[in-house]
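These are my notebook entries on a structure that is new to me. I set down what I looked up, one topic at a time.

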Amino acid sequence: MSSGTFILDNGAYTAKAGLSNETPKLVPNCIMKAKSERRRPFVGNQIEECRDASGLFYILPFQKGYLVNWDIQKTVWDYVLSKESCSVSLSQLSVIVTEPIFNFPSVQEAMTEIFFEEYECHSLLRINAASLSCYNYRAENPAKCCIVVDSGYSFTHVVPYISNARVKEGIRRIDVGGKLLTNHLKEIISYRQLHVMDETYVINQVKEDSCFVSQDLVKDMELARRKLESNTVAKDYVLPDYTSLRRGYLKDPEPPNEQQTLRLTNERFAIPEILFHPSDVGIRQMGIPEAILDSIKTCNEEMWPHFLSNIILTGGNAKFPGFKDRIQREVRSLAPAECAVNVHLPQNPITYAWHGGKTLSQDATFSNLLVTREEYEEEGASLCFERFDV
C-alpha cells in the first residue's frame, strides 16, 4: 500500500508538482542559460537567482508538444523531487503523471520505465491533463458530459467527455499555443521598434502583462489607430533593467524618458486573436469556438445541450482577460438557439488539472487505475498500455 500520492502535471511550459495533501509548486519545465552567467545552467525556479535575465537561452524537453529530450526532462524532474523543490522520494508513493493526448508509444514506454526503474515509485498512473480537468469539474458539478478546452504552450486541444470517458473522434487540436503567441509578439516588436528576437523570457512577460482578448475587433482596431489623447488601447511597457526592476509593467503612454519602454497598441489584442483566427498567421485551421462546435457535432444530437452547458477552459492562455467572454459569445452565436451555453473558467486554469489529480487520488476507484511496481516487474510496459487510456 502506498503512503500517499505525488501528482506531476508535466506541461511543456511549466510542471505543476506536489503531494496530494499540499499545494502544487509551479516549476518552469526547461533549463535556462543566461548571457550574464554562461557557466551556470538554471533549472526550474533557480532562474530567480539569475542576476540578468535578458537574452536567456532556453533548452526545452518538449518540441511541438511532445517530449523529445529525455536528458533535459530528467534534469528538471530530479530538480522537482530534490530538496530545493518538493523534497520527496517516490518509493512509497503512488504517482499520477500527465502526458499529451495521442502521445507516442515509445515516449509512454520510456516514461513508465523512468518512474519505475529510476525513481522506483510504488505505483503509477499515466493520464492526460484534460482527463484530470474533467474529474475536477465533475466532482464539483454533477454533469453527465463536459468539453475541456486545454489551451497550453504548444497547442490547444478541445476534448469532449461523456461521464469520465473521452470521445476520441471528437478531439480537435489547434496548432496555436502560448509559445507561438510569444514568438509572434517578438516578431512584431522587432519589426516595429526594438530587436527582441533573443528576449523570449521578457517578451513572454510582456504578453502575460499586456495582452487581452478583444470583444469587438473592429472597434478596438479603430481605437488603436487614434492619436494618443483618445487612444485607450495604447500603453507603454517599461522593460526590466535587472538592477531596480526584475519584471516590467504596463503604464499609460508618456514622452520618452530614461526608462526603456515598448509602445504597445493593436498587438495587445492582435496576439490572442490568433487563438480565434489561426489563419492570421497562415495556419489553416479553425479557431477555438468553431472547434468546440465541430467537436460536439461528432456526438449524438441529444448530448449537444449537455456539452454546451459544460465548457471548461484550462491552460495558461485561458488567463487572457476577456478570453471566457469571447468564447461564450462566439459559441452562443454558433450553437442551436434552444441550447443554453455555459463556459466555466476556473480560478486558476493552470493548476486546475493538478487539482483534478488530487480529487482522483481520493476516489475509491483510484487504486484500480494504478499499475504497481510488482505488476510492472512481472508484466512490463505492455500492462501499462492496456490499463492507461491515453
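**Entry 1. Confidence**

I began with pLDDT, which is the predictor's confidence in each residue, on a scale from 0 to 100. I needed this term at the outset, as what I have before me is a predicted model. For the protein chain I noted a mean pLDDT of 93, with 99% of the residues at 70 or more. I then looked up the elements at either end of the ranking. Helix α14, residues 381-387, has the lowest mean pLDDT among the elements, at 88. Strand β18, residues 311-314, has the highest, at 98. I also reminded myself that predicted coordinates should not be read in detail where pLDDT is low.

**Entry 2. Two helices**

I turned next to helix α4 (residues 178-192) and helix α5 (residues 200-210), which pack with their axes 9 Å apart. The angle between them is about 100°. Angles of 65 to 115 degrees count as roughly perpendicular, and α4 and α5 are therefore roughly perpendicular to each other. I listed the residues that make this contact. Helix α4 contributes G178, L181, T182, L185, K186 and I189. Helix α5 contributes T200, I203, N204, V206 and K207. Sorted by character, the residues of the contact comprise 5 nonpolar, 4 polar and 2 charged.

**Entry 3. Salt bridges**

I asked how many salt bridges the count comes to. The count is 17. As general background, side chains of opposite charge can pair when their charged atoms come close. I examined some of the pairs individually.

I looked up D294 and R172, whose side chains meet in a salt bridge at 2.6 Å, N to O. D294 belongs to helix α8 (residues 288-296) and R172 to strand β14 (residues 172-174), so that the pair links distant parts of the chain, 122 residues apart. Is each partner buried or exposed? D294 counts as partly exposed, at 30% relative accessibility. R172 counts as buried, at 19%, because buried means under 20% relative accessible area.

I then recorded the salt bridge of R247 with D209, in which the closest N and O atoms are 3.0 Å apart. R247 lies in the loop between β15 (235-238) and β16 (249-251), whereas D209 is in helix α5, so the pair ties together parts that are 38 residues apart in sequence. R247 is partly exposed at 34% relative accessibility, and D209 is partly exposed with a relative accessible area of 29%.

I noted a further salt bridge between the side chains of K235 and D252, at 2.6 Å, N to O. K235 lies in strand β15 and D252 in the loop between β16 and β17 (261-264), so this pair ties together parts 17 residues apart in sequence. Separately, I found that K74, D78 and E118 are joined into one network by salt bridges that share partners.

**Entry 4. Positive phi**

Most residues other than glycine have a negative phi. I therefore looked up residues that depart from this habit.

K64 has a phi near 50°, a positive value in a residue other than glycine. K64 is placed in the loop between β7 (62-63) and β8 (66-67). With a relative accessible area of 71%, K64 is exposed.

S163 has a positive phi too, near 55°, and is likewise a residue other than glycine. S163 lies in the loop between β12 (156-162) and β13 (165-166). At 33% relative accessibility, S163 counts as partly exposed.

Key
Residues numbered from 1 in each chain as written. Predicted model: local features only at pLDDT ≥ 70, side-chain atom pairs only at ≥ 80, totals over all residues. Heavy atoms only, no water. Helix = DSSP H or I, 4+ residues; strand = E, 2+ residues; numbered from the N terminus. Axes fitted to C-alpha atoms, helices over the stretch in contact; angles between N-to-C directions. Parallel < 35°, antiparallel > 145°, perpendicular 65-115°, else oblique. Contact = heavy atoms within 4.5 Å. Nonpolar A, V, L, I, M, F, W, Y, C, P; charged D, E, K, R; others polar. Salt bridge = Lys/Arg side-chain N within 4 Å of Asp/Glu carboxyl O. Buried < 20%, exposed > 50% of the residue type's maximum accessible area, 1.4 Å probe, protein only.
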